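Hi,

Here is the structure I promised to pass on to you. Have a look at it first, and then read my notes underneath.

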Amino acid sequence: MSSPTIHQYLSKPRSSRQIREFMEALDELKSYLLRYNILALGIDHNNVVVQNTEAGIKMVLIDGVYDTEWIPVSKYFRFFGNRKIMRRWNRFMTQLHERYPQLGNSRP
């Protein structure tokens, strides 16, 4: 069985507990990207999948893990990489909350 994208996952009604777990899994994905300075060109509701595991749900970025900098400063200097990741992450979260009002004011 394949894992649904965020869009597919949130297209079905979810309980407040499921939304809370979803937001916690998003926070774990963000932490992972920052910890390993993974520069994803575009994070959106169609290239992150939601995996059900025994420990709960887990988010996996499935596409767009590259960057287009000519001189890859963000890749080699974590400070710049983390700034870029957070800019992209904040844009992603804003779009996610606009598209899926059931998320409410919950922010990871």
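Below is what I found, going from the whole chain down to single residues.

One thing to keep in mind as you read: this is a predicted model.

**The overall picture**

Let's start with the chain as a whole. It has four helices and two strands, and if you walk along the sequence you meet them in the pattern α-α-β-β-α-α. There are 108 residues in the chain, and buried ones make up 35% of them. Now look at the contacts between residues with a separation of 6 or more: 67% of these join residues that sit 24 or more positions apart.

**The core**

Which residues touch the most other members of the largest nonpolar core? They are I6, F22, L26, M59 and L96, out of 26 residues in that core. Several elements chip in, with at least two residues each: helix 1 (6-10), helix 2 (16-35), strand 1 (48-53), strand 2 (56-61) and helix 4 (78-99). Helix 2 gives the most, with seven residues.

**Two helices side by side**

Next, find helix 2 and helix 4 and look at how they pack. Their axes are 9 Å apart and the angle is about 160°. An angle over 145 degrees counts as roughly antiparallel, so that is the label for helix 2 and helix 4. The crossing of these two helices is right-handed.

If you want to colour the contact yourself, here are the residues:

- From helix 2: F22, M23, L26, L29, K30, L33, L34 and R35.
- From helix 4: R78, N82, I85, M86, W89, F92, M93, L96 and H97.

Sorted by type, the residues of this contact come out as twelve nonpolar, two polar and three charged. You may recognise a few names: F22, L26 and L96 are in this contact, and they were also among the core residues that touch the most other members.

**Two residues in one loop**

Now move to the loop between helix 2 and strand 1, where you'll find N37. Its phi is near 50°, a positive value in a residue other than glycine. Is N37 buried or exposed? Its relative accessible area is 10%, and since buried means under 20%, N37 counts as buried.

H45 lies in the loop between helix 2 and strand 1 as well. This residue is also buried, because its relative accessibility is 12% and the limit is under 20%. What does H45 touch, leaving out residues up to four places away in sequence? The list is T5, I6, H7, F92, L96, R99 and Y100. Take L96 from that list: it is 51 residues from H45 along the chain, yet their C-alpha atoms are separated by 7.1 Å.

**One residue at the start**

Last stop: S3, in the segment before helix 1. With a relative accessibility of 28%, S3 is partly exposed, because that class runs between 20% and 50%. Not counting residues up to four places away in sequence, S3 touches Q8, V49, V50 and Q51. V49 is 46 residues away along the chain, and the C-alpha atoms of S3 and V49 are separated by 5.9 Å.

Have fun exploring!

How values were computed: Residues are numbered from 1 along each chain as its sequence is written. This is a predicted model: local features need pLDDT of at least 70, side-chain atom pairs count only at pLDDT 80 or more; totals for chains, interfaces and linings use all residues. Side-chain values use heavy atoms; hydrogens and water are left out. A nonpolar core is a set of buried Ala, Val, Leu, Ile, Met, Phe, Trp, Tyr and Cys residues joined through side-chain atoms within 4.5 Å. Buried means under 20% relative accessible area, exposed over 50%, partly exposed in between (1.4 Å probe, protein chains only). Axes are lines fitted to C-alpha atoms, for helices over the stretch in contact, and angles run from 0 to 180 degrees between N-to-C directions. Angles under 35 degrees count as roughly parallel, over 145 as roughly antiparallel, 65 to 115 as roughly perpendicular and the rest as oblique. A crossing is left-handed if the near helix is turned anticlockwise from the far one by less than a right angle, and right-handed if clockwise. Contact means heavy atoms within 4.5 Å. Ala, Val, Leu, Ile, Met, Phe, Trp, Tyr, Cys and Pro count as nonpolar, Asp, Glu, Lys and Arg as charged, and the others, Gly among them, as polar.
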